[in-house]
Structure formats: C-alpha cells, structure tokens
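User: I should like to learn how burial, contacts and disulfides are read from a structure. Please give the general idea and then the case at hand.

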Amino acid sequence: MNIEIKGIRRVSATATVALTAGAVIAGGAFASQAQAAAAPKPPTIVAKGGYVMNNGTGKSLFSKAADTRRSTGSTTKIMTARVVLATKGLNLDSKVTIQKAYSDYIVSKGASSARLIVGDKVTVRQLLYGLMLPSGCDAAYALADKFGSGSTRAARVKSFIGKMNSTAKTLGLKNTHFDSFDGIGNGSNYSTPKDLTKIASSAMKYSTFRSVVKTKSTKQKVTTKSGGYRYMSWTNTNKLLGTYSGAIGVKTGSGPSAKYCLVFAATRKGKTVIGTVLTATSESTRTADAKKLMDYGFKK
C-alpha cells in the first residue's frame, strides 16, 4: 500500500546529483578565492631591475626587467671570485706579492680599495676577502694577474677577463659580458638581474665563497716585504649581514652608470632565496628593495 505523507517531497536522484555538483563547484570557487587572498602581493621596488629565485630549485619567484642588460658595478667581482675558485689545483694559501701597478690602478681610477701595500705577500684566500668585503679593486687586479696566463701583466689580465666570459657562456648566460676584472668597465661590462643571480648561485656552490661573503669583518695577518707581518682589517660593505634574519651574502656594487646594485641571499627554515637588484637610486633603497624581495621570496 502506497502512503503519501504530507509535507514530505521526494527529491529525484538527478536533482541530488545537480545539488552536489553545485556544492563542489561553489566550494572550489571559494577555495580558489581563499588561495588568491592568501597569495602574497608582489612588492614594488625602486631599482630598475630585480630578480629573485629559489636557490634550491632554480624557480623564479620575482622578475622586473630581469633580462635587461645593465652596468653591474662591483657585483662583477662575484665572477672574479668564481673564476679563481674554479681553477684546477687551486692553492688558497699560495702567496701573491702586491705590485705597485695595483695601487697605481686604484689611484688612477679612484677605485674602492682593500688598501693592499706594495711588497706585502698576501694569500689567495686573503685576496678573496679583500675582493669581496671592502670591494678591493686592487685585490681584483692581483687575482687577475695571478690567475690569467701570459708573459706580460696586460696579457694575463686579458686572459683572465676571457675566462670570466667563457664561464658566463658555460653557465648559459646570453646577456652577460665582461671587459674588466672589477666592474670598472670600458662600456661593455654588463649583465642582467637574472644572469647575475645565476652567477652568484653558481659561486655559492664553493664553500670558500660562502665563508667569505657571509663574513661581516675580518682581521688578516699578512707578510711584509721585510719578512715581518702586519694585520689587515676589512669590513663587508653588505649591510644586510646582521640586519636581515638569515642573510648569507652576497655583494654590493655601485658606479656612475650602475648606480647602486646588490646581489643578495638568505636562508630561513632550510629555504634559500637569492637575487639581484640593479640600478637602484641609493644605498638605502637597494637594501630596502633586497629586503622586500627576500620577504616575498620566503612567502612564495
């Protein structure tokens, strides 16, 4: 016997499926909206170019004119160090005698200096500290002279710059070219935020490089011309060290056309982000831009 109960209406199977499907679609839409709301907003930076990537995966996290060629200033010295560290049979404790040509170069260019003294014998390791912390162009010259090949200083320097360019090609960089060992170029010393970040990432694979660029200051004992010794004190120009949680490097740069540049890296909770800002308006804006980009990178 069929009994119809008032107030109760049967819902067909088709209607039930339709209702369920609608609920799933609505739920998915709400989830997508929630994810969009949770996604961090890309920062606005002052620098004309910027790039950040996950150093572990190589994934791009932020780009602003990341493939536009620009002058790089002393961030060039990252490649200088990279070439030295890739030398087969490298002896970091071998000594280099400081030549008058290195100090004359500093004076003629009005360049940043590690204050190396003619006649002192300085190890390759110490020259790397002098290169990367106070951004010594004299240290860069000494390294180029030491690690280039040729019978004259000019030939050795040319050879070394050639190694910088061949390394860039090996790394697959199509928008990078060097005409100097220190960033004081002759019009064709350039790179991009993306390329410089890749150079730095490559350099960070060397433990010596990582140790040097994370050092805030150092006091190094060097041998004098007379056989005695003196101490050289160098302070890192990278203000992120000690002011940004997890900062581990990398290098500052500046110049008339480069303006203010910074290649940076930091590690938090096992994640390392690495990036570059080029052509910032001041030291303070390049630092602020870098902090914004690292904050963003860690949220991504």
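User: Is C261 buried or exposed?

Analyst: Buried means under 20% relative accessible area, exposed over 50%, and partly exposed in between (1.4 Å probe, protein chains only). C261 has a relative accessible area of 0%, so C261 is buried. C137 is buried as well, at 1%. This is a predicted model, in which local features need pLDDT of at least 70 and side-chain atom pairs count only at pLDDT 80 or more, while totals for chains, interfaces and linings use all residues. Residues are numbered from 1 along each chain as its sequence is written, and side-chain values use heavy atoms, with hydrogens and water left out.

User: How many disulfides are there?

Analyst: A disulfide is a pair of cysteine sulfur atoms within 2.5 Å. By this rule the count is zero.

User: Why is helix α5 described as largely enclosed by the rest of the structure?

Analyst: Helices (H or I, at least four residues) and strands (E, at least two) are DSSP runs, numbered from the N terminus. Helix α5 covers residues 137-147, and 10 of its 11 residues are buried, so the helix is largely enclosed. Among the buried residues are C137, Y141 and F147. Their cover includes α2 (77-85), β4 (95-97), α3 (100-109), α4 (124-132) and α6 (153-170).

User: Where does K174 lie, and which residues is K174 in contact with?

Analyst: K174 lies in the loop between α6 and β6 (190-191), and K174 is exposed, with a relative accessible area of 71%. Contact means heavy atoms within 4.5 Å. Leaving aside neighbours within four places in sequence, K174 is in contact with R69 and D195.
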